[in-house]
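This report describes the fold, the surface and selected side-chain pairings of one protein chain. The sequence and the coordinates are shown first, and the discussion follows.

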Amino acid sequence: MGRTVVVLGGGISGLAASYYLSRAPCPPKVVLVEGSERLGGWIRSVRGPDGAIFELGPRGIRPAGALGARTLLLVMLGGSWLQTLEARGCVLSQELLQQEAEKAAATQLGLNEPPSHCLVHLHKNSIPQYTLGHWQKLESAAQFLAAQKLPLTLAGASYEGVAVNDCIESGRQAAARVLGTEPNS
């Protein structure tokens, strides 16, 4: 009977790891386990009330062709700006957040025309940040896994990088470790 590899999590890193495992010269059986109702992790498409499609996630991904050729602008506001609004007692409504995003786009990019479609989400404390000592914790975990000879490989935004490309590369490297091949740098 052949080898079975279980991939926990169907986010970008888990999907990339599953893909690279399945493309190996002698691929193992790959079982992908995802706890939510959909694959893709933080990346997802949302249809707004007016029918416009918005790509959400760590970075915007646009579809190919004419639809993707249109401009998609993702405005992220936060930090002291948001804290100031809260300190003033402002109600953080979708209208206020859209208004502030449009002002920022006009000031910083010279885009004075209102958007044809808009979708507003408030995600407080959502920009990925590693805490002090993160890399030391990762090194310690890697040493523990190696010393205990545990058949476990870690990949994803929680471990190595937060952008889509980082997640794909992390999944590729995890697959290479599982297969016993050296990942290309």
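## A loop glycine and the chain around it

G51 lies in the loop that connects β3 (44-47) with β4 (53-56). The model under discussion is a predicted one. G51 is classed as partly exposed because its relative accessible area is 31%, a value between the limits of 20% for buried and 50% for exposed residues. The C-alpha atom of G51 is separated by 8.9 Å from that of H117, a residue 66 positions away along the chain.

The protein chain as a whole contains 6 helices and 4 strands. Their order along the sequence is β-α-β-β-β-α-α-α-α-α. Among contacts with a sequence separation of 6 or more, 51% join residues that are 24 or more positions apart. Of the 185 residues in the protein chain, 24% are buried. The chain exposes about 13,300 Å², and carbon and sulfur atoms supply 55% of that area.

## Strand β1 and its two faces

In a regular strand, side chains alternate between the two faces of the sheet. Strand β1 shows such an alternation: V5 and V7 point to one face and are buried, whereas T4, V6 and L8 point to the other face and are not buried. The partner of β1 is β2, which runs parallel to β1 and is joined to it by 5 bridges. Within this pairing, V5 stands opposite V30 of β2.

Which residues form the nonpolar patch on the surface? The patch consists of V6, L8, V31 and V33, which together have about 350 Å² of accessible area. Both β1 (4-8) and β2 (29-33) supply at least two residues of this patch. L8, which is placed in strand β1, counts as exposed because its relative accessible area of 69% is over the 50% limit.

## Cover over helix α1

Helix α1 (residues 12-22) has a set of buried residues made up of S13, G14, A16, A17, S18 and L21. The elements that cover these buried residues include β1, β2 and α6. The paired strands β1 and β2 are therefore among the elements that contact the buried part of α1, since contact here means heavy atoms within 4.5 Å.

## Salt bridges within helices

Side chains of opposite charge can pair when their charged atoms come close. The count in this model comes to 2 salt bridges. In the following table, each row gives one of these pairs, its helix and the N to O distance.

| Pair | Helix | N to O distance |
|---|---|---|
| K103 and E100 | α4 (residues 94-109) | 3.1 Å |
| E169 and R172 | α6 (residues 164-179) | 2.5 Å |

K103 and E100 are 3 residues apart in α4, or about one turn of the helix. E169 and R172 are also 3 residues apart, and so are separated by about one helical turn of α6.

In the α4 pair, K103 is partly exposed, with a relative accessible area of 46%, whereas E100 is buried at 15%. In the α6 pair, E169 is partly exposed at 28%, whereas R172 is buried at 17%. E100 and R172 are classed as buried because their values of 15% and 17% fall under the 20% limit.

## Cysteines and a positive phi angle

How many disulfides does a search of the whole structure find? The search finds 0 disulfides. As for individual cysteines, C90 is partly exposed at 30% relative accessibility, and C118 is likewise partly exposed at 30%.

K149 is found in the loop between α5 (134-147) and α6. The phi angle of K149 is near 55°, a positive value in a residue other than glycine. K149 counts as exposed because its relative accessibility of 72% is over the 50% limit.

How values were computed. Residues numbered from 1 in each chain as written. Predicted model: local features only at pLDDT ≥ 70, side-chain atom pairs only at ≥ 80, totals over all residues. Heavy atoms only, no water. Patch = residues over 30% accessible without salt bridge, like charges linked within 9 Å, V, L, I, M, F, W, Y side chains within 5 Å. Areas by Shrake-Rupley, 256 points an atom, 1.4 Å probe, with all protein chains shown as cover. Salt bridge = Lys/Arg side-chain N within 4 Å of Asp/Glu carboxyl O. Buried < 20%, exposed > 50% of the residue type's maximum accessible area, 1.4 Å probe, protein only. Disulfide = S-S within 2.5 Å. Pairing = 2+ DSSP bridges.
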